[in-house]
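Please open the structure in the viewer and keep the sequence at hand. The tour proceeds by selections, each followed by a description of what is found there.

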Amino acid sequence: MSPGGAAAAPAPPRRWTPEAAVAALIAVTAAARVLIAWATGLCFGESYYFSCALHPSLSYFDHPPLSILIGSLSLALGGEPSRLLLRAPFIALFAGTTWLLFLLGRRLFGAWAGFWAAFLLRPHLIRFDETIDSAQVFR
């Protein structure tokens, strides 16, 4: 009871901020991507990058070297080669791209517009042949 004898009003429901909504979106979809990365095999493009990452060189003329070097660094730091280890930096880059898209949308059109831009980018969940895309889009 309040001092005047009336019952206290319930607290209003807590609403999500756009920043929290994007952070939750990134966390949930990144977790799903990690699960999918662990459970599925490499596609044709990823197999090529995996073999190139095991033997890094700047002379792979048909693909840009950044993705290969990122994969090589991941394998060098992680030890035993695996699909998840090869894909992990690209999952992180895609999460970073989502956050940067949110920041751009927030600056240009407002916070919730930034959230919706990030939300529309995230359905790219299933495609894993993204080694080129993630590195080039993030930069």
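Is Phe115 buried or exposed? The model under inspection is predicted. Select Phe115: its relative accessibility is 10%, so this residue counts as buried, the limit for that class being under 20%.

Next, add Trp112 to the selection. Both Trp112 and Phe115 belong to helix 5 (residues 111-121), where three residues, about one turn of the helix, set them apart. Trp112 has a relative accessibility of 41% and therefore counts as partly exposed.

Now extend the selection to Trp116 and Phe119. Together with Trp112 and Phe115, these residues form a cluster linked by ring pairs.

How many aromatic pairs are there by the ring-centre rule? The count comes to six. One of them is formed by Tyr48 and Tyr49: the ring centres are 6.0 Å apart and the planes stand at 85°, so the pair is edge-to-face. The pair of Trp112 and Phe115 is also edge-to-face, because its planes stand at 75°, with the ring centres 5.5 Å apart.

Select Tyr48 and Tyr49 and consider their accessibility. Tyr49 is buried, its relative accessible area being 4%, whereas Tyr48, at 25% relative accessibility, counts as partly exposed.

Finally, move to Ala31, which is located in helix 1 (residues 18-39). With a relative accessibility of 46%, Ala31 counts as partly exposed. Display Ile91 as well: Ala31 and Ile91 are 60 residues apart along the chain, and their C-alpha atoms are separated by 9.5 Å.

Technical notes
Residues are numbered from 1 along each chain as its sequence is written. This is a predicted model: local features need pLDDT of at least 70, side-chain atom pairs count only at pLDDT 80 or more; totals for chains, interfaces and linings use all residues. Side-chain values use heavy atoms; hydrogens and water are left out. Helices (H or I, at least four residues) and strands (E, at least two) are DSSP runs, numbered from the N terminus. Buried means under 20% relative accessible area, exposed over 50%, partly exposed in between (1.4 Å probe, protein chains only). Rings of Phe, Tyr and Trp (its six-membered ring) pair if their centres lie within 6.5 Å; planes under 30 degrees apart count as stacked, over 60 as edge-to-face and the rest as tilted.
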